[in-house]
Every structure is written in structure tokens, then in C-alpha cells.
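Student: Hi! Could we go through this structure together, one question at a time?

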Amino acid sequence: MNYLVGAFKPPCNIFISFTDGRSRKQVPLKKENGKTVMVALFQSQENIVGEVVIEPIHGKKVEHNGVKIELLGQIELYFDRGNFYDFTSLVRELDVPGELYERKTYPFEFSTVEMPYESYNGVNVRLRYILKVTISRNYVSNIVEYQDFVVRNYTPPPSINNSIKMEVGIEDCLHIEFEYSKSKYHLKDVVIGKIYFLLVRIKLKNMELEIRRQESTGSGPNTYVETETLAKFELMDGAPVRGESIPIRLFLSPYELTPTYRNINNKFSVKYYLNLVLVDEEDRRYFKQQEITMYRNLEAS
Amino acid sequence: MLNGTEDEEKWLAEGIAGIQHNAFYMHRALDSNNLREALKYSAQMLSELRTSKLSPHKYYELYMRAFDELKRLELFFKDDSKHGVSVVDLYELVQHAGNILPRLYLLCTVGSIYIKSKEAPAKEVLKDLVEMCRGVQHPIRGLFLRSYLAQISRDKLPDIGSEYEGDADTVMDAVDFVLQNFTEMNKLWVRMQHQGPGGVREKREKERSELQDLVGKNLHVLSQIEGVDLEMYKETVLPRVLEQVVNCKDDLAQYYLMDCIIQVFPDEYHLQTLETLLGACPQLQPTVDVKTVLSRLMDRLSNYAASSADVLPEFLQVEAFSKLSNAIGKVIEAQLDMPAVGAITLYVSLLTFTLRVHPDRLDHVDQVLGACVKKLSNIPKLEDSRAMKQVVALLSAPLEKYNDILTALTLSNYPRVMDHLDIGTNKLMAMVIIQSIMKNNSCISTADKVEVLFELIKGLIKDIDGADVDELDEEDFKEEQNSVARLIHMLYNDEPEEMLKIICIVRKHTMVGGPKRLPFTVSSLVFSALRLLRQLQGQEGDIVGEEASMTPNKIFQLLTQIIESLSAVPSPELALRLYLQCAEAANGCDIEHVAYEFFTQAFLLYEEEIADSKAQVTAIHLIIGTLQRMNVFGVENRDTLTHKATGYSARLLKKADQCRAVYACSHLFWVDDQDGIKDGERVLLCLKRALRIANAAQQMANVARGSGGPVSLFVEILNKYIYFFEKGNKQITSSAIQGLIELINTEMQSDSTNPDSVADAFLASTLRYIQFQKQKGGVMGEKFESIKL
């Protein structure tokens, strides 16, 4: 559809800008073509205010059946290509049907927009927010312009944040107790913990902590689960003996993490796990996975 | 494994190449102030240290390369104008590295800058570093990492007086840090032995000892911390180090670390914490060479004691000796299979210690010896030559220290230790004792001590059962016995009574020495007894009535018995001489019958035992000489004896010997004293008899060989004539001398006489003497005037 527009060379240019565009924080966003662009960052309940400028190409007139701007929150499932689920859709009429001869500016405002979900760019799913300007026309296709923006929502630190403490093992072989100081982490947090070796009868080679992201999309029989290992962090080199305790300190900031998303609009979930892996000399792997909850903390970001 | 070293070289070369490669890019990043790249390449460079293929030795080479590079990196980190990141952020940034080993090396590097920046208390950073390093559990990699940590933190410890000391940072934190690092390193080090396949244990032990200094260095650092005063050492440092040492249950580590403790910390600390330190010893593994550890400790303490007299009270105050002694006892008790040499070495060290520290405490010395005896008595036979050497060292130590055998004699356990020596060593030790006495010229003056002394040297005094007589080297034996003989002269007391006791004891011991020893010892003993006699004489009067046992008679009886023992040897010549000596002594004491008895004995020996003609000649001259000096005899006894002597003289085998003996006998009748006997007639008789014998000898010579006999005999007789002539013997006349001279001249000129230059010279000087006397004038000149030459 878009290239048709290009082929016919649209008779006007459309610019969408935010009023506080200069001062607003910009974050990178990966586009479909692989390019990363900087876009404005919003959070839920914010006023999205700006203006649309339509500038007809010199000497051309644009006949239209009206100009509108929409704010869309979409979930796009890749295996279900082409299907967008709009969970948010707000419209503002900018102009009544008529003709445009010269540059015209339309201010717009969406007040206290409810944007409960964060922008997300996953393996199988994408959640995005866009402003869409449409110039409706008769007989010919409408002229459409999009402006992406990113939504991030901040959560206050959880009031209950228990540590994760667990004793696991293989009978008469390996017995360990591990402890992560918290079960909920903000994105720039540090995982602090300890591993106690209660019994070691196998020759360990090393131990690492993995951060894994599990993205599940769809529902019922059509559920797709994709797991990615985002980080492999070596905790221990060599073979410990009984009674040894190994410290854990893993900074989360270097990794591209998002908050945990649970059942977003019944379409997808993103969960995070800490996976403790012990490797023995024969390269056998022993592991224990623990879910952690990620949240976005205002101060830290 | 066949070409293991070759492979290792290859791996090392690869590792070095890897380091150089990444270091190159790191340098480029440093030059362009690119922190990200610097971190990336430094981490890659440090990844080379993750190898498991190298032996400690080779790994060290690799480590040193990386170490040098890290120094450059540190300089870059230090200068935040170059990378624009605060040290706190940098401290976090380096922890993003995925691999633990590079991460921790970088962390330590930044950590040291962090401390320097003082943006955080040193103790926090140190604690964090030492804690994080736990992540490396591989022994070699862990040891080197922690050694790096120790290295970079050394000058940043919050020690007293250090710039890093503050309210929050005390020296205690520094100590805690080093102790923890030490503990962890030791654990890793000990664990090394369990790594890898079995069977190459030896190789691994070797590799481990190559790494020992990495561990020990921590103790060295501890000892360098100013703030570790005695109190802290006692309360914290030592208990914790020892706890680790004991708990690691590894013999190599325990031995090394104990030694390390002893060597790196000051002596006074050891002294004040002896109990703790020693308490750890019995808890060590049975295979640990505790004796060397203890020996070193005692050596150090003894040197400390020797260094200054001021410190000695400290030793007393802490009862160092009894503590050491207890500890040694416990160690020996605990380690049942410790070889004897080990135990004895310990005792030697302890002895050295006590000799240096408490030279006045003989009871300590005795106690040590007693403990040693106890130990030795559990061993059936001491055959280990090294153990033997140690025992000798043990026994020699007090001698050297006190330079006085008397001290050793008061040690009741001394002889008991000697009993455990084998025969050869026992003798050796006895010789050492004697030499010590000789060297120091120490006089042993009581009977008790003499008794003990002889108990000590009994190896020399008598044959010991089981001794292999054939083995004896003749020369050694002589030397030994001469030493004993000399020793006897060192036993002396001014008090005659005590002296007599000493003599009796010596006699008791020497009498059992057997025929080979007696000739050496008896004469010493006899002369010792004779000295006592002279002593008695010197203070006569006050003694005589006092004690019945102390009469000269008694002593002479004793002497007789002593000399009689020689008959078992037999050694008649020696016995004869001794009898004569005694006779002379009896003469001095004015006891005629005793003197007579001695002569009787001498004559008996002469008649019955002395068969050799040469010995007879010697003997007869001795008899004559002695007899001549005797003045105790009455006329009758004297006559009997002189008659006997003259008779013997005439019956000698060779004429010449007869002649000489007979003219010697002439002196028996002319004693040139005021009241000496002066029987001119019998003198002349003797001389004439001598002349006759000389003549006969001359003739016999003519008959036998067709040549003249010795003219010298005549000259000798002429000399006797002249002597008596001078002395005023009326029977000797100038004409007789004249006649003799002529006779000699005739003999000389006779064809049959062989020219004899000695006799000629003798005659010439005799004549010259007469001439001289004549010219001198005076009474003597007139006397000689009548002699015509």
C-alpha cells in the first residue's frame, strides 16, 4: 500500500511533531527494516500533544474528504502476519472535507492517554504505539503518515521482595543451596547472591548464571514459546569443595531487558529466569531455573 | 604424557602469543583513550590465563606477562581524564565481563585504584575483592589471582600510620583481609593435591612446593604490618593462622607454614606465644616433620637469647623451657613411629636452647637428658648412625658449654645416655670427655666425681661384652689408653684422705681393664699414689696419729698390690721400674723394711721374669742407680742388696755389659754424701774386677775375631778411676791411674787393635782433663801432679 503511495508520488508531505519534542526523552527503536531510529518516549496517562503539518507539493492542490489523526496501540504477532490487534485506538478529526492549497498546521491533543502496555519488540511479537495521520480521498487512495513512539511504564519498587533461597541437588552427588537476595529486580539492578556447596562428589569445571527470557505468544494449542539466553555470566572457575560458598554479583544493566509482561492483552507474555548452570568435567550440565520478576524503576532508568 | 614438556612449551608459547596479540590492541585502545576497547582487549588478554594445561612453573611465566600488561592498564585506569569514567563506575564496569577470571583480575586492578582514590573505605574494597575472588576455585588459577590481589593491595592496607588508615579502617581490617586471603590461598594450595589423576603424586608435590611461596607471602605481609603488635599477634593473627594450618590436614602445607610462621614473625612474639604455637604441634599430621619445625624454633629462640642478655628475663617469665620441653614430649608421644634420630635431634635442640638461655639451670640439662634416656630405653638397640651422631652431639653440648666436665658429672642422666651408645661411639664420647678435661685442665677432686667419671668412660677402661677385639686399631687403642693414663693425673685432691679414696676408685676401675690396658694405667696410678705419699710427707706429724688408714705403710701395701697386678700382663720391666720407684719413695719415708721388700720384689722379677739380655742390662743399671741413692738401709740389708746387685752384674751375658755393670756397682760403695758410705776398698775391688772383665773381653775378642776388643771399656774404667781419685778414695792411687793409662796406650798401639775413633777421642779428652786438672793447680792439681802422661 505504501509503495503505491510512493509510486504515485503523494501530492503533499505530512510532518508529525510533538510539542515538547525537543525536551522529551528520546529512545532508540528498531524499525522493521532493521534500522534504529530515535523516537519520543511516553508513559501512560500522559498528554500527547503536538501538531501535524500538511504541506502540499508546490502547485498542487489536495482534495480530501477529511483529515484525522489516530493514536493506535497495536500488538503484532509475526506468525499471524498482517494481523494487528489494536488495543487502543483514539481518533481526532483535524479537518472537514475540502481542499488544501498551501501548508496548513493542525494542532492535536490526546489527554491522559491510557497506555497500559509497554512498547515491546520480541522474537514473535511486537507491541507498538503509533500516531497515524490519514487524509481521506475519493477515488484515490488515502494519504497516510505514521509516527512511532515508545511507551514505558514505571512501577514503584515492590513492597514485598523476598529473596530466593533454595536447596537443590542430586542425591549423593551434588547438593547446593543458592540464594538470590531478591525475587524482583529493576532493569539496572544487581543480582546479589551466594551459592553454598553442601556436597560435591562430581568434578565440576565451572558454574555460570544465565539470564533467560521466555516469550510466549498466542493461546491454547497455538501457543508459541521462544526462549532466549540473554546473558551467560561465569560465577565460578574450577572445582569447589564441600563448604565453599561462591558469591554472585551480576549487574543487569549491560543486558537489554524489559520488565516482566504477564498476559498482555491475552496475546503474549514475557518472563525472565535466572538459570544456574553447573558444568562438570565431562561437560554435563546441571541447572536450576528460577523465575525473577523484572520491573521498570523510575529512578534507575 | 610422553612429550608432555614439549606440549607444555607449545601451549605456553600459544598463551604468550595470545597475550601479546591482545595486549597490542589494548595498547592501541589505551593510546586512543578508548575505554570500551581497552576493557574488551584486556579481558581477552586475561582469558589466556584461563588455561589448565600449564604446570605452575609455566603458568607463572604466563602470569608475569599478563601482570606487566596490567600495570599499564592500571595507569590508564588511574587517569580518569583519559577515559572520563569515575572510579566507582569503572569498578562496576569491569564486573560486566562474562568470564570470571578476567573479570576478577580487572576488578582487583580497578580496586587498587579505588582504594587509592579514597572514595570508599579501603576495608570495604578489600573485603569485596577478597570475597569475590572466591569465584575462582581452580587451585593454580586461584592462587595466582589471589597472589595478584595480595601484590596490588600490599601498599594499600589500612595499617597504622598508613594513609589508608581512618576511622572506619583500622589495622584490624588489614589483618582480616590478609588472613582471609591467606586462608583461601592455603585451601586452594592444599586442594591441589587432589586434582588430576592419581599416580603422579610426586610430580604434583613438586609442583605444589613451587607454589608454596605464594601462600607464605601472606604471612610475610602480615609480619610487615606495623599495627600487628604482640597483642594482636597473640589474640588474632597467630590463632587464626594456626587454625588454618591445623585444619588443612596437609603435611606439606603444615610443615611449610609452621616453618614460615617461625621465620617471619619476630622472636619476642614467639616467646610470648610459645604455648599457642607449641600447642599446634601435636595436632599436625603424623607425617609432618615436626622435629625440624621445633628445632628451627628453638634455634631461633636460642639465637635470640644469645643476642642480648636483656631478653633473658622474658624467657624465664614465660617459662620457655618447660613449655618447649612439654611440647617435645607430646610430639614424641604422639608420633610413635618417629625415628630415634628425630627424637634425639629434638632433644639436642632443646638442650642447645636451655644451655643458651638458662646456662645456670643444670636441672634443665639433666631433665632433657633424662627424657632422652626414657626415649632411648624404648628402643632396643640404637643402630642408626645418624641417631648416634645426634646422641654424641647431645652429650657434647654441655661439655662445650660449660667447658668443664665437673658440670657434666653432676648430671645424673649423663651416664645413662651414654649407656645407649654403641661401643665405638661410647669410646668416642669418652675420648671427647677426656679431651675436654685435658683442654680445660680441669681437676677432678672428689671421689664421687671420679666414680661417675669412670662410669662415663668405662668404654675405655674395660672390655665391654660383645666388643669385637679384632677391630681395634692398635694405634687408636694406644691413644685411648694414653689418654686414660693422662686423665688419671688430672684426678687430684690436696686432701690426702680424699686423694686416697680417689686412688682406690681409680684402682678399682683400672684393675678390671685386662692385660692390654694395665701397662698404661698402672704406672699413672702408681705415680699418683706416690704423689700422695709425698703429700703425706709434706704434712706429716698432724696426719700420722689421726687416721690409721692413712699411714704410708698402707699406701705402700696398696702400691704393691697395684704393681703386682702387672704380673698378669706380664710386664716385668715396667713392674721392676715401678718397684724401684716405690723403693725410692719408701726410702724417702724412711721405712727400711718396705724399701727392702720392694727391692726384693724387683730382684725377684729380675731373676725370674726378665730373660732378655738387653732388658737385663737396663734393669741392672736401674737397680744399681736406685740402690745407690738408698740411704735407709742398715749395713746388713745394704750388704745383701749390693752383693746381689754386684752378683747380677757379673753374670750378665756379654762381657762388655758385665764390665760396665760391675764398674757401675762401684758407686754402691761410695756415696758422695756427707754421711754416705765410703768403702774405698770395695770400690777398688769392683774396678779391678771390671778391669779383669775388660781384659777377658779383649782376649775373647782376639780369639774370636783376631782383632782387639773395645779399648773404650778401659777408657771408661779409667774415668771411674779418675772420679774416685778425685773424690778422695785412698785406695785409688795416681800410680794405678798411671798404670791404666799406659795399659790403654799399649792396647791402642798393639797391631791387633782396630782403630776406634770414638775410643780415641774419649781417651784424648780424658787425658786432656787430667792435663787440665794438673794445670789448675791447687789441691787437685797437686793430686794429679804425680800422674805422668
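Student: How far apart are the centres of domain 1 of chain A and domain 2 of chain A?

Tutor: Happy to help! This is a predicted model, in which local features need pLDDT of at least 70 and side-chain atom pairs count only at pLDDT 80 or more, while totals for chains, interfaces and linings use all residues. Residues are numbered from 1 along each chain as its sequence is written, chains are lettered from A and ligands numbered from 1 in the order in which they are written, and side-chain values use heavy atoms, leaving out hydrogens and water. Chain A is divided into domain 1 (12–151) and domain 2 (164–295), with bounds from an automatic or database domain assignment; taken over C-alpha atoms, their centres are separated by 40 Å.

Student: Which three residues supply 41% of the area that domain 1 of chain A buries against domain 2 of chain A?

Tutor: Buried area is the accessible area (1.4 Å probe) that two parts lose on being put together, summed over both. Between these two domains of chain A it is about 1,300 Å², and carbon and sulfur atoms give 70% of that. On the domain 1 side, the three that supply more than any other three residues are A:Phe79, A:Tyr120 and A:Val123.

Student: How many salt bridges does the rule find across the interface of domain 1 and domain 2 of chain A?

Tutor: A salt bridge is a side-chain nitrogen of Lys or Arg within 4 Å of a carboxyl oxygen of Asp or Glu. For the interface of domain 1 and domain 2 of chain A, the rule gives a count of zero.

Student: How many residues of chain A are in contact with chain B?

Tutor: Contact means heavy atoms within 4.5 Å. Chain B brings 22 residues to this meeting, and the number from chain A is 20.

Student: Which three residues supply 26% of the area that chain B buries against chain A?

Tutor: The two chains bury about 1,800 Å² between them, 45% of it on carbon and sulfur atoms. Supplying more of chain B's share than any other three residues are B:Gln95, B:His96 and B:Gln137.

Student: Which side chain of chain B meets A:Glu234 in a salt bridge?

Tutor: Between chain B and chain A the count is six salt bridges. In one that involves A:Glu234, the distance is 3.6 Å, N to O, and the partner is B:Arg50.

Student: How many charged residues has the side of chain B that touches chain A?

Tutor: Asp, Glu, Lys and Arg count as charged; Ala, Val, Leu, Ile, Met, Phe, Trp, Tyr, Cys and Pro as nonpolar; and the others, Gly among them, as polar. That side of chain B has five nonpolar and seven polar residues, and the number of charged ones is 10.
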